[in-house]
Amino acid sequence: MNGAKTLVSTLLASGVDTCFANPGTSEMHFVAALDEIPGMKCVLGLQENVVTGMADGYFRIARKPACTLLHCGPGFANGMANLHNARRARSGIVNIVGDQATFHRPFDPPLTSDTTGMAQTVSAWVRTSARASDLGRDAVEAVSAARTFPGQIATLILPADVSWGEGGVVGTPTVPGQPPPIDSGAVDGAAKMLRDRRDVLILLAGHGVLAEAQHFAWRIARATGAKLMADFVNPHLARGRGRLQIERVPYTRAEAIEAIGKFRHVILVNARPPVAFFAYPDVPSIHYESDTQFHVLSRPDQDPVEALRALATLLDAPDAEIPDAGPRPEPASGVPSPEGLAQTLGALMPENAIVSEESVTYGKHFYRFTHGAPAHDWLHLAGGAIGDGMPVATGAAIAARKQRRVINLQADGSAMYSLQSLWTQAREQLPVTTILLNNGRYDILLGEYKKVGAGATPGENAMSMLDLGNPSLDWVRLAEGMGVEACRATTLEQCADLMRRSFSKSGPFLIELMV
Ligand SMILES: Cc1ncc(C[n+]2csc(CCOP(=O)(O)OP(=O)(O)O)c2C)c(N)n1
């Protein structure tokens, strides 16, 4: 058996059955093996950052890794921003990167580059397979690394001659390892503090904001009076009816200090002490008071459900129903506003939806108005590298096997980084509704310009780098050009009508909301 077939067979045996791909010459044996060995769902992305972003979105919903197929160092480099986001989201991905044949590399042909060096910057595990007979073992180890709780990026580099070489042996899958055990001393310490003090915040992140952990966290909060909050960045948060009406630590320092500054003690559940996204002259980096004391209940690589369950048990915290979210909001009307859009979304969102949010400045109030919506999952941009909202939505829809409506709340500037995702949505006929927030500018950067002290208002030259007009982007035509039905809305009534229309369809739809 050649290396490529060995690799595909081993991936399938290990439960990796979805491949997001953008191939080249060095991957042609792998591409052929996808025909010869049935069982792999193959999804083409028209740019590698779409490919890697889809793999991230897939993991966040499927909770198991997909593989990517990328072409040499430059193909990997194109996908790196969303691999950075995936690493920050702690998503598990197996990257298969084809490369020059071992005997050809010394001739330094044009696509030769330091693939390993690039891979190391975002991967927890990197290996170049040396021969076809090693591939089965290497693939098993790659999958095992990607599955390390909660998820990691593993990159397997595949020289073309290893792919076509004979002598492959299909690897035997291993049982996924368990996360490191929780620390009973940390549980004891947290219990003592919660019994003794009234100024305690429990800060949840990672799997700590998923439904099972929320139940234990709520029991603890009910029994002790502690306040619960979620990190600002949450790759995957369970929201809506039956879930906690939890708020995030705000983005700005002033708001963050107002929200959490009053708590002398903060118990960290897979979270880290909150810090600013960026530094500003004469402003501290930390988003808490300097005398705040942090106590780690569980680290990001530990299971927060186990930690919270142990804490609830030790505190003898009785079972408690999560409070009702109150009436469902009504759709809003009139001129679009962040609050009005959030309200409309809360009113119309279908049961069990997935929201991929990259709304940047427009999304500030989305949480407040969507607590009363049916249960849903909310996926955030985890690493701050814009351009993952659309691919994450696409990968999430594949993971949900088209059974769940995906709503992509998408700022226009960020959308332009990976808009090819729309083509994949059309080709795969995915139930994704994109609400494209067209404000025609990099709005957030206008605020940042002032905040960093660059000046009061940008001049003509500076403004030309923050404004997206001249020419304006026409999102209806861009979407239609890639096979996605699209319509423009200038009022919230129109937006609501289009949302209803899109939710009744089985394929993708884009609403260009002029904001
Ligand atoms: C990969 C990457 N490139 C550039 C940036 C810098 N950046 C942050 S926000 C932003 C513009 C966002 O504009 P848009 O998506 O339209 O959202 P708005 O600010 O208008 O709400 C840019 C360019 C980034 N964060 N990541």
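**Notebook: Asn-95, Ala-426, the ligand and a pocket**

**Entry 1: Asn-95.** I located Asn-95 in strand β4, which covers residues 93–99. I note at the outset that the model is predicted. Is Asn-95 buried or exposed? I recorded a relative accessibility of 0% for Asn-95; the cut-off for buried is under 20%, so Asn-95 counts as buried. I then looked for a partner of this side chain. The side chain of Asn-95 makes a polar contact with the side chain of Thr-68, at 2.7 Å.

**Entry 2: Ala-426.** I turned next to helix α17, residues 421–427, where Ala-426 has its place. The relative accessible area of Ala-426 is 12%, and Ala-426 is therefore buried. Which residue did I pair with Ala-426 for a C-alpha distance? I chose Gly-507, which is 81 residues away along the chain. The C-alpha atoms of Ala-426 and Gly-507 are separated by 7.0 Å.

**Entry 3: the ligand.** I listed the surroundings of the ligand and found 17 residues around it. Which of them come nearest? They are Thr-361, Asp-412, Gly-413, Ser-414 and Ile-444. By class, the shell around the ligand holds eight nonpolar, six polar and three charged residues.

I then examined individual distances from oxygen atoms of the ligand. In the case of Thr-361, an oxygen atom of the ligand is 2.4 Å from an N or O atom in the side chain. With Arg-441, a polar backbone atom is 2.9 Å from an oxygen atom of the ligand. With Ile-444, a polar backbone atom is again involved, and the distance to a ligand oxygen atom is 2.7 Å.

How much of the ligand does the protein bury? Taken alone, the ligand exposes 590 Å², and the protein buries 78% of that. I also asked which elements give two or more residues to the shell around the ligand. They are α16, residues 412–415, and α18, residues 443–451.

**Entry 4: the second largest pocket.** I finally inspected the second largest pocket, in which about 160 Å³ of space lies. Its lining includes Trp-218, Ala-221, Lys-227, Leu-228, Arg-243 and Glu-247. Also among the lining residues are Ile-322 and Pro-323. Two or more residues of this lining are given by each of α10, residues 211–224, and β8, residues 227–230. How do the lining residues divide by class? I noted eight nonpolar, one polar and three charged residues.

Terms used. Residues numbered from 1 in each chain as written. Predicted model: local features only at pLDDT ≥ 70, side-chain atom pairs only at ≥ 80, totals over all residues. Heavy atoms only, no water. Near = heavy atom within 4 Å. Polar contact = N/O pair within 3.5 Å; in protein donor to acceptor, adjacent residues only side chain to side chain. Areas by Shrake-Rupley, 256 points an atom, 1.4 Å probe, with all protein chains shown as cover. Helix = DSSP H or I, 4+ residues; strand = E, 2+ residues; numbered from the N terminus. Nonpolar A, V, L, I, M, F, W, Y, C, P; charged D, E, K, R; others polar. 1 Å grid on protein atoms, 1.4 Å probe; cavity = no way out; pocket = protein on both sides within 12 Å on 5 of 7 lines; lining within 4 Å. Points joined across faces, edges and corners; volume = space filled by probe spheres on them. Buried < 20%, exposed > 50% of the residue type's maximum accessible area, 1.4 Å probe, protein only.
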